[in-house]
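This report introduces a structure through a few of its parts, taken one after another. Please look over the sequence and the structure before reading on.

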Amino acid sequence: MFYPVEDSIGPHSKNSLLKLNCINFCKENMKSPSSNVEDIVALVKQRLKPYLQSSYMASELVFSGNFFVDGRFRNLEVGVSDGMIDSIGKSLRGERRINIEGPVLPAGTDIHVHFRDPGETEKEDFKTGTISALFGGNTTVFDMPNNHIPITDSVSFEDKLSRVRSKAFCDFGLYSMFIGNNAELIDQRSSGIKIYLGGSTNSIGLSKIDDKQVEKLDSNNKPVIFHAESQECLDRYRTAYVGTLRDHNLARPEECENLAVEYINKLKIKKKIAAHLSSPKSVSIGSASVIKEVTPHHIFLNDEMPLGSWGKVNPPLRSRSVMNELFELYLAGKFDIISSDHAPHTQAEKEEFNYAASGIIGVETRIPILLALFSKKILDINIVVRTAITNPANIMDLRKGRIALGYYADFLNFDKGEIKRIDDSRLHSKTKISPFNGFEAIFPKNVIMRGQFLVEDHELIEDHLGLHTKDLKAANP
Ligand SMILES: [Zn+2]
C-alpha cells in the first residue's frame, strides 16, 4: 500500500511517512528492468507532492467525521486544499473546520449513464441527469454515446461536449461509439469507447470487428465497454410479438449474452468491460481480463414482477431464480462494478409493451439501495465501496473513489437510520417512473465535490460546477 493511514498522518508524521514511502516505492519499482531512473524520480516527485505541499502549512479546510479509509470507518480529520485531500490524521490544522455527522464514504462514480443530451432532451438532459446523479451520491458520471446522432468522431464529440459542459452539476466524461470502421476517427478526449455487439437504443449490433480496427481501438489505451449480446443470436430468436417481460426475456435469451462474452474474451484489447451482465454463466465464462459490470435492476428485479414496459430493458430482466443467483454473485464479490445503465424514455415511448423502448432509470437510486442493504446488514460495505465507488473511478483513471492523500475530496455522507421507501415522483430525472419505486433506500444527506458541498442536508445548494474529467488537473496516481 502506498499511502498507509496510521493514527496520525498529518503534518506531524510526514517525515517518517516520506521515508517509508520512498523505501516501499523503490522496492516496488527498482525490480522492474524497464524502469529508468528519470521516470522513477518523476513518479516519486508526483506521489510525494501532497506531503511536500502541506508539510509546513495548514489545510484550507479540515473535515472531521467518521471516514471510510482503507476498508473501515474511522474517526479522523481530513485536510483539503485546492479541492484535494492533503492530510489525514487525528488532529489537523486548518483555516476552516467542518464537522460531518454520520458515516462518510468517497462519493460514487457511475460509468454507465445515458443522459440523452443532445438530441433527445425531452427524456433527460445534462442538467437533470447530473442533478439526479448528485442526489444519488455520485460526483462523476460517464455518459454513453448512443445519442440520436451517435458520437463517432471529433465533430460530434466536440458538438456534444460544447452543449453539455455548461449544464453539468457533477464531473463527467463522455464515451465515443465504435460503429465498425471509425477506430481512427475516435476523439482523443473520449473517456472510453462503446461497442454494441447487439443492437439497442439508437444502435445497430456489430457481429464481428475487423482485426485492424481492434488493433487501432486498443492503441487508444482507453477502456472499451461492450453491450454484450450477440446480434446473430438475437436475430435467431427474434419474434414478431413481445407482450410481457417474460416474452422479452425469451426473445433475448442468456445464450446471446454468453456468446458475446466468449467473443469479448478473444479480443486483444487491454481494458475490456462487459456491460450489464444478466446471466450467471457470463460471469464464469468471462475471462479474468474482462471487467464485469452488473446493474441494480438485474440483481433486484425480475420478469415475474408487474412492471410492464417500465421493466423492459436490454439485456432483459431474467427469472426470479436467475436474479437471485446474480445477487448471490454480487454478494460474493464476483462483479467488479455496479453501474446504473440509467436510460430514460418518455411515457409515450413506454406506452405499448411490444413497441416500447428499452431502458430503466437508476442513477439516483443505485447507491441509496445499496446503502439500505448495508444498513440492514445484508451487504458488506466493502462490496458497495469497491463496486460502486472505487473500481469505477479507478477504471477511468480518476483520482477519486478513495479517501486518501492526493485524491479529490469527493464525499458522500449518510445517516444509517434514515431508511426510506423510494418515491419516484421525488426523483430528479425528467423520467419520473422507476421500477424501484417502493424499494428501501438511504439517500445521501450531504454530497461534497472537490471540498465543496453540492448537496447539503438533502438540498441542492450549488450551481453547475461539474468539469469534464479531461479538465481535472490531476491524473490517477
Ligand atoms: Zn446502456
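## Strand 8 and its neighbours

In this predicted model, strand 8, made of residues 192-196, is mostly covered, with 5 of its 5 residues buried. G192, K194 and Y196 point one way from the strand, while I193 and I195 point the other way, and all are buried. In a regular strand, the side chains alternate between the two faces of the sheet.

Strand 8 is joined by 4 bridges to strand 7 (residues 171-178), and the two run parallel; in this pairing, S176 has I193 as its bridge partner. Another 4 bridges join strand 8 to strand 9 (residues 224-227), again in parallel, and here Y196 is partnered with H227. Between strand 8 and strand 9 the chain passes through helix 5 (residues 211-219), forming a β-α-β crossover that is right-handed.

## Helix 3

Helix 3, covering residues 126-135, is largely enclosed by the rest of the structure, because 10 of its 10 residues are buried. Among them are F126, I131, L134 and F135, as well as K127. Just after this helix, G137 takes a positive phi of about 90°.

## Helix 13

Helix 13 consists of 15 residues (381-395), which at 1.5 Å a residue should span 21 Å, and the 20 Å between its end C-alpha atoms agrees with this. The helix nevertheless bends by about 35° at T387.

Like strand 8, which is mostly covered, helix 13 is mostly covered, with 11 of its 15 residues buried; the buried residues include V384, R386, T387, P392 and I395. Just after helix 13, D397 adopts a positive phi of about 55°.

Methods: Residues numbered from 1 in each chain as written. Predicted model: local features only at pLDDT ≥ 70, side-chain atom pairs only at ≥ 80, totals over all residues. Expected span 1.5 Å × (residues − 1). Bend = angle between axes of the 7 residues up to and from the residue. Buried ≥ 20, exposed ≤ 12 C-beta atoms within 10 Å, placed from the backbone. Pairing = 2+ DSSP bridges. Right-handed = clockwise from strand over helix to strand, strands pointing away.
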